[in-house]
Structure formats: C-alpha cells, structure tokens
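Work through the exercises below with the sequence and the model in view. Each task is followed by a worked solution.

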Amino acid sequence: MEKIKSDTRDRMKKSIGSLHDDFNTIRTGRASASLFDKIRVDYYGEPTPLNQVATVSIPEARLVVIQPWDKAALPEIEKAIQKSELSLNPSNDGKVIRISIPPLTEERRKEFVKVAKNMAEQCRVAIRNVRRDANEDLKKKQKESSITEDDFKKGTDEIQKMTDEFIKEINDLLEAKEKEIMEV
C-alpha cells in the first residue's frame, strides 16, 4: 500500500512540475529567459534547444539578448523565434539578437490568463486520473485479499487528501500566474 501512495505522490509531483514548465512559456509583460525554453533551432539539420546554441540574457526588464556561440546560427535562431507562438520580433545586428518585449494589451493579457487556466485544468485532470489509477490499484489489492477493507478505506482517504493538496497547489500556482500576467 505504501508503494501505491509513493508512486501516486511521484506522479502527481511530475504533473505539477509539467505545469510549472508550461506556465514558464506563457508570456507576461516582463522579459524572461524561460520564455525561450521550448524554442528549437535548426542547427546543422538538427532541431536543437535554443539554450544549447546560445546564451539568453535579460539585461533590462523588457529586453532579451541572445548571443549565439556560433555566429552562423544567428539567422536560424532569428527564424525559430519568428516562427514561435511568442509573437516577438527579433532584431539581428550580426553579433547578437535583441528582442524588445512590448507591454501586453489588456485583451492579450486576458487571452494568456485563459491559456493558463486551460493548462491548470489539464493538470487537475491529470491529478484526478492519477487518483483514479491509485484507487483502482487499491481495489485490486482488496480483491486479491492482500489488504483489508479498513486498509482500503484508509488508503483511498489518504489518496484523496493527497489529491486535494495537489489541486490546491495548482490553484495557488494559477492565481500567482494570473497576477503576474495581469500586472502592468
């Protein structure tokens, strides 16, 4: 039974970690290096993560500077950023790429909040699916008579408590992200 609980906790933690990563890709009014985490650059025919071909720095609150280690990669990096869903316009001076992060319009901020809410809901569904799997595992153990009915009840209660904890964490993360997006 302990194995079921620890596996469940691990799977729920992974869902929360994935939500963190997803939230980092949502643009806010401020510059952030994590915005570029999912951008892949065609580097010698291989789709390579941007942070493996260049240094991404934030010298000012609304400015991103991307300095490639190989100058030949500059046009490909620029292309990858333009193709991304970030809606950013990079300027290439031959040595580095500068990206000015424009302030978001009210309408755009509300769109990003909707995207964040959708990501949070997907994470909640994933957490509930993990709970369902754990409860099914407990039912199997009870049918095999390897745990008692009391242990089954106790196990499902603990799994539900765990689920409630993680759902609360998702809600707290969403609230913080909404605040960050809506701040001017």
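**Exercise 1: the surroundings of α2**

Task: find what the buried residues of α2 pack against.

Solution: The buried residues of α2 pack against β1 (40–43), β3, β4 (63–68), β5 and β6. Contact means heavy atoms within 4.5 Å. Helices (H or I, at least four residues) and strands (E, at least two) are DSSP runs, numbered from the N terminus. This is a predicted model, in which local features need pLDDT of at least 70, side-chain atom pairs count only at pLDDT 80 or more, and totals for chains, interfaces and linings use all residues. Residues are numbered from 1 along each chain as its sequence is written, and side-chain values use heavy atoms, with hydrogens and water left out.

**Exercise 2: the buried face**

Task: list the residues of α2 (residues 74–83) that are buried, and say where they lie on the helix.

Solution: Buried means under 20% relative accessible area, exposed over 50%, and partly exposed in between (1.4 Å probe, protein chains only). Leu-74, Ile-77, Glu-78, Ala-80 and Ile-81 are buried. Down the axis of α2, these residues fall within an arc of 160°, so they line one face of the helix. The arc is that of the directions from the helix axis to the C-beta atoms.

**Exercise 3: the sheet**

Task: give the strand order of the open sheet and explain what is special about β3 and β5.

Solution: The four strands run in the order β3-β4-β6-β5, with antiparallel pairing. Two strands pair if DSSP finds at least two bridges between them. β3 (54–60) and β5 (91–92) stand at the edges, each with a single partner strand, so one side of each has no neighbour in the sheet. β5 pairs with β6 (residues 97–100) over two bridges; Ser-91 has Arg-98 in β6 as its bridge partner.
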